[in-house]
Amino acid sequence: MLRWLIGGSREPQGLAEKSPLQTIGEEQTQNPYTELLVLKAHHDIVRFLVRLDDYRFVSAGDDGLVVVWNAQTGEKLLELNGHTQKITAIIAFPSLEACEEKNQLILTASADRTVIVWNCDTGRQVQKVSCFQSTVKVGSTHRRITRMEYS
């Protein structure tokens, strides 16, 4: 579950009600944030949030799911299924194909020892690599080079 928060106010604003965290005991400091929207799709810890563009972002985590969200409305656009264990690395980068539209790609790595490249517009797997002998933990891209490190 992802929670949109905004700081500074203790009163609900528009889309959400007060979080239960704001009504904790007097011995603890109250949460200064107001929950704006709760995004539900994941079944375990969300470890990664990656911006795709001005309108979309991606979340991924321990449930092995990758979810593409509308950043303005919080609507779930795509749910990408393909990993069987937790996501350990994620990178967003533009497609190298020469076309008028800028297609965003996501590269995800998992404890299941696979790396998957996803098309963010269609949700389809572009490529899946499963030749790793252990978990891929770090990813980086530089222009046209993508590098994954594993241990």
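**Cores and strand pairing in the predicted model**

In this predicted model, the largest nonpolar core comprises 14 residues, and V58, V66, V68, L80, I90 and I106 have the most contacts inside it. At least two residues of this core come from each of strand 4 (56-61), strand 5 (66-70), strand 6 (76-80), strand 7 (87-94) and strand 9 (115-119). A nonpolar core here is a set of buried Ala, Val, Leu, Ile, Met, Phe, Trp, Tyr and Cys residues joined through side-chain atoms within 4.5 Å, with buried meaning under 20% relative accessible area (1.4 Å probe, protein chains only). Strands are DSSP runs (E, at least two residues), numbered from the N terminus. Another core, of 9 residues, lies apart from the largest one and includes A89, L107, A109 and V115.

Residues are numbered from 1 along each chain as its sequence is written. Local features need pLDDT of at least 70, side-chain atom pairs count only at pLDDT 80 or more, totals for chains, interfaces and linings use all residues, and side-chain values use heavy atoms, without hydrogens and water.

Turning to the sheet, strands 7-8-9-10 follow one another in that order in an open, antiparallel arrangement of 4 strands, where pairing requires at least two DSSP bridges between two strands. Strand 7 and strand 10 (125-129) are the edge strands, each pairing on one side only. Strand 7 pairs with strand 8 (residues 104-110) in the antiparallel sense over 7 bridges, and A89 has A109 in strand 8 as its bridge partner.

Elsewhere, strand 3 (residues 46-51) runs antiparallel to strand 4, joined by 5 bridges. The two form a hairpin with 4 residues between them, and V46 stands opposite G61 in strand 4.

Conventions:
Buried < 20%, exposed > 50% of the residue type's maximum accessible area, 1.4 Å probe, protein only.
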